[in-house]
Amino acid sequence: MTEKQNLILTPTTAAAPEGVSGQGFFATSLEKAVGLARKNSLWPLPFATSCCGIEFMATMGSHYDLARFGSERLSFSPRQSDLLMVMGTVAKKMGPVLREIYIQMAEPKWVIAVGACASSGGIFDTYSVLQGIDRIIPVDVYVPGCPPRPEQIIDGIIKIQELVGNESLRRRSSVEYEDLMKKYNME
Ligand code: SF4
């Protein structure tokens with residue numbers, strides 16, 4: 001079993017960030033401590049519109065148990081979540097709703113596009129389907145598959161955790177981030 005398979009299938013404990021340790025003490029930077037707390041307490045908002053949402057239900061179940069990653073607390077309120085998980089086919093009519101939900105989420109926030117439909121429209125190359133949610137909101141991680149298995153969804157969560165844990169506390173007020181928001185007509 002590879003290290004990643006081991007991480008996906010067995011209970012996890014949060015590893016300490018880099019720092020200096022000695023007898024009775026451990027010191028690290030504030031940024032690393034905040035990153036450690038954030039990455040292990042992500043609160044997902046599941047925006048599930050079709051079949052990929054069923055795979056997410058399996059991911060939450062006892063066999064895969066997303067609670068091992070600190071993300072068992074789902075939120076259906078954008079105000080109390082920091083990880084938007086879009087799972088399923090998104091019709092163009094739903095686009096403004098999805099965008100509004102993203103805007104209502106407080107910073108810092110991250111987005112996973114779960115499955116082919118959310119990432120690119122999937123097999124639905126039609127007039128009514130959004131050809132990827134990154135046309136209306138920024139996406140941090142794409143999970144491939146139709147549908148992706150729970151292991152792939154967990155792999156996406158682990159990738160988000162890596163991003164969150166290493167994100168600078170200043171990123172959200174950086175020029176690059178402002179430019180990204182402007183690109184999506186969000187101030
Ligand atoms: S990617 Fe496949 S499984 Fe997921 S919502 Fe689209 S059609 Fe359904």
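This tour visits a sheet, one loop residue and the surroundings of the ligand in a predicted model.

Residues are numbered from 1 along each chain as its sequence is written. Local features require pLDDT of at least 70 and side-chain atom pairs pLDDT 80 or more, whereas totals for chains, interfaces and linings use all residues, and side-chain values rest on heavy atoms, without hydrogens and water.

Select the sheet. Its 4 strands (E in DSSP, at least two residues, numbered from the N terminus) form an open, parallel arrangement in the order β3-β4-β5-β6; pairing requires at least two DSSP bridges between two strands. At the edges lie β3 (44-48) and β6 (141-143), each pairing on one side only. Neighbouring strands are turned against each other by 20 degrees on average, direction ignored, with axes fitted to C-alpha atoms and angles running from 0 to 180 degrees between N-to-C directions.

Next, select β5 (residues 110-114), which runs parallel to β6 and is joined to it by 3 bridges. V114 stands opposite V143 in β6.

Move to L169, in the loop between α6 (150-166) and α7 (175-183); helices are DSSP runs of H or I with at least four residues. L169 is partly exposed at 34% relative accessible area, the class between buried (under 20%) and exposed (over 50%), computed with a 1.4 Å probe on protein chains only. Beyond its neighbours within four places in sequence, L169 contacts L30, E31, V34 and R38, contact meaning heavy atoms within 4.5 Å. The C-alpha atoms of L169 and V34 are 8.3 Å apart, although 135 residues separate them along the chain.

Finally, display the ligand. Among the residues around the ligand are S50, C51, T89, F124 and P147, where a heavy atom within 4 Å is the criterion.
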